[in-house]
Amino acid sequence: MLGWFDENLVSILNGFAIGALLFVLAVGLSIVFGMMDVLNLAHGAFFLVGSYLAVNFVAGDSWGGFLAALGVAALVGLLAGGALSGMTEPLARRPVLDQALLTLGISLVVAEVLSIVYGNDVRSVSPPPGLDTSVDVAGSAYPAYRLMLIGVGLVLALAVWLVVERTSVGALVRASVADREMVSAMGIDNRKVKVAVLGIGSMLATVAGVLAAPVYGARPGLDETILLLALVVVVIGGLGSIRGALIGALVIGQVESLGRALLPDVASFILFGTLALVLIVRPRGLFAGKVAHS
Amino acid sequence: MSVQSLPAETAPGAAAAPAAPRRRRPPRALTAVLAVALLAVLAAVPLVADPFSTNTVSRILVFALFAMSLDLLVGLTGLPSLGHAAWFGVGAYTAGLVSTHWTSEGLVTVLAAAVAGALAAAATGWLAVRSGGVYFLMLTLAIGELVHQLAQSLSSVTGGSNGLFGIPSIRVAGTPLTLAGYVYWFVLAVVLLGALGLWLVAASPFGAALRGIRDNEGRMRSLGYSPFRYKYLAFALAGGFAGLAGGLFAGLVRIVNPSDAGFTTSALMLLAVVLGGAGTLWGPALGAAVVVLVRDTFGPTLEGHGPLLLGLVFIVAVYVLPRGVAGLADLRRGRRRAVLPGTDEAPA
């Protein structure tokens, strides 16, 4: 058992690193849908915007470029989310599907614009200095950057949990997931909440894109792969549930890493099998709220 | 685009007739004349057009059938699928493999493709149709992406990311069809039969039950229908027709790529359905024509960035054409909505 653990330590750690990234990505998607009923299919495209911003800014070996990329990506994400909120507003009275279709169109446009601007080559991004080395973890060499990702994921999970469970903003979030109309009846302007939620949700996507750039690089098609993983995470965890996003991200992280390492031929089946298994047992995801969104 | 015009006069009215007896329809004779005229024009295409244009129209026909099969899910049953290209891809690969390794007899390959599409959809559909709305969207996206990845990773069978190429040309009664015109007529015949099949499904009591489930699932359940069984069957049927279109596609272009089963193809077909008007069958066929023309004809002049234009069209269409082009036709006729949400749609 311990031998097996030793052999696969790198894969397990990779799984945690992917899980951390997926959590950052999925929590935005989950909150936006849980609170605002907007299924943002442009989430993957926003992620890719972040990755390409990292390509732009992380030119030299300095922290400055990496932090600048994070800052710009956060700003771009906020603005994009705000714009998305404005664009979905005329569709608020229409079925949820119409808004999903709108974001699908936006994702097509954004992905094409990115491929026009940056071309179709795979771009790689180097980690910031100090994190581009390998660390010795229980006898195996492991990239320091990925360890930092795991740390960032943990810190962010803790921060999100604290905000949602312990602050008045968090109470608003929980209340909106449960019953948005009631919240609005209590005198809270739904539109302002929507702008904020979509802004923060999209910001998480672009920031995740920057964070992921040193691992995945940036290439056309990455947006779809990432969107799929994030959707699977959110479906497994339950839409609107932050705890669900965390558990789902950790599970899918391991499926993607350990699953691919141990059973490379059937990795796609494992991903789908996990999804199927969870949905058979819990049709609305592991941690679906008490109010079902249909 | 001939048979596609038929359902317009039957589909929306058939089920809702008791609720809206005064609904105006175009005269049957006019529709019949239009249908025959369209059929004649379509049949005459290879005689007047050059091979390249004939090939483009062939592809439009294939994608029209594909879009109509998706409409069976989206428009008729109210299940928006973002992974429908998976069954198209399954059909295309099946037809390609059958004609490479066994026989390229046209009817055998497209029937094998249809069966494979239906079986693949049935194998995964039970999971997808358990949920509705956005969950269905996400699950079909996941299933579609799985098929896409399989096409890429099973390279010993599918040729991996190079695609499956060197598919022999379609044979009819042992004679290979080498001229674009003969291939076109074969495609046209199969597409018309497929469209007829879809129209029969939509016009049948089964189709009426699907519309009932779309409009008011709770009510259908209380009437004793099992929504799950109907949705599941609709899912498998739609997969079968998409597979049929895929089989034609493989015989037509003679190369199948993993991207044919991928997300972008699914998204473009959903665009075709939305653009044309979900639930009318002829609308999505029209939408498919627009999508194929924009992607393949204008795409090269935009340096391969046709999807950019399609994405913009998609965004505009969501805002200004909530019921698609078919919705425009309804407006012109003075009826605002073909199906009212509260309309009693229970089958007689």
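Mentor: A crossing of two helices is right-handed if the near helix is turned clockwise from the far one by less than a right angle, and left-handed if the turn is anticlockwise. The model under discussion is a predicted one.

Trainee: What makes the crossing of H2(A) and H10(A) right-handed or left-handed?

Mentor: The crossing of H2(A) and H10(A) is right-handed; by the definition, therefore, the near helix is turned clockwise from the far one.

Trainee: Which values describe such a pair in general?

Mentor: Two packed helices are described by the angle between their axes and the distance between the axes. Here the two elements are helix H2, residues 9-36, and helix H10, residues 222-237, both of chain A. Their axes come within 9 Å and cross at roughly 70°.

Trainee: Why are H2(A) and H10(A) called roughly perpendicular?

Mentor: The class of roughly perpendicular angles runs from 65 to 115 degrees. The axes cross at roughly 70°, and H2(A) and H10(A) are therefore roughly perpendicular to each other.

Trainee: Which residues make the contact?

Mentor: H2(A) contributes A:Leu22, A:Leu25, A:Ala26, A:Leu29 and A:Ser30. From H10(A) come A:Ile226, A:Leu229, A:Ala230, A:Leu231, A:Val233 and A:Val234.

Trainee: How do these residues divide into nonpolar, polar and charged?

Mentor: There are 10 nonpolar residues, one polar and no charged. Leu, Ile, Val and Ala count as nonpolar, while Ser falls among the others and therefore counts as polar; A:Ser30 of H2(A) is part of the contact.

Trainee: What elements does chain A contain as a whole?

Mentor: Chain A has 12 helices and two strands, in the order α-α-α-α-α-β-β-α-α-α-α-α-α-α from the N terminus on. Of its 294 residues, 53% are buried. Carbon and sulfur atoms hold 67% of its accessible surface of about 12,400 Å².

Trainee: In chain B, what makes the phi of B:Arg254 notable, and where is this residue found?

Mentor: B:Arg254 is not a glycine, yet its phi is positive, at about 60°. The residue is found in the loop between helix H11 (227-253) and strand S4 (255-256) of chain B.

Trainee: Why is B:Arg254 called partly exposed?

Mentor: Partly exposed residues lie between the limits of 20% and 50%. B:Arg254 has 38% relative accessibility and therefore counts as partly exposed.

Trainee: B:Leu281 also has a positive phi. How do you know whether B:Leu281 is buried or exposed?

Mentor: Buried means under 20% relative accessible area. The value for B:Leu281 is 5%, so this residue is buried. Its phi is near 65°, and its place is in the loop between helix H12 (263-276) and helix H13 (282-298) of chain B.

Terms used:
Residues are numbered from 1 along each chain as its sequence is written. Chains are lettered from A and ligands numbered from 1 in the order in which they are written. This is a predicted model: local features need pLDDT of at least 70, side-chain atom pairs count only at pLDDT 80 or more; totals for chains, interfaces and linings use all residues. Side-chain values use heavy atoms; hydrogens and water are left out. Axes are lines fitted to C-alpha atoms, for helices over the stretch in contact, and angles run from 0 to 180 degrees between N-to-C directions. Helices (H or I, at least four residues) and strands (E, at least two) are DSSP runs, numbered from the N terminus. Angles under 35 degrees count as roughly parallel, over 145 as roughly antiparallel, 65 to 115 as roughly perpendicular and the rest as oblique. Contact means heavy atoms within 4.5 Å. Buried means under 20% relative accessible area, exposed over 50%, partly exposed in between (1.4 Å probe, protein chains only). Accessible areas come from the Shrake-Rupley method with a 1.4 Å probe; for residues, only the protein chains shown count as cover.
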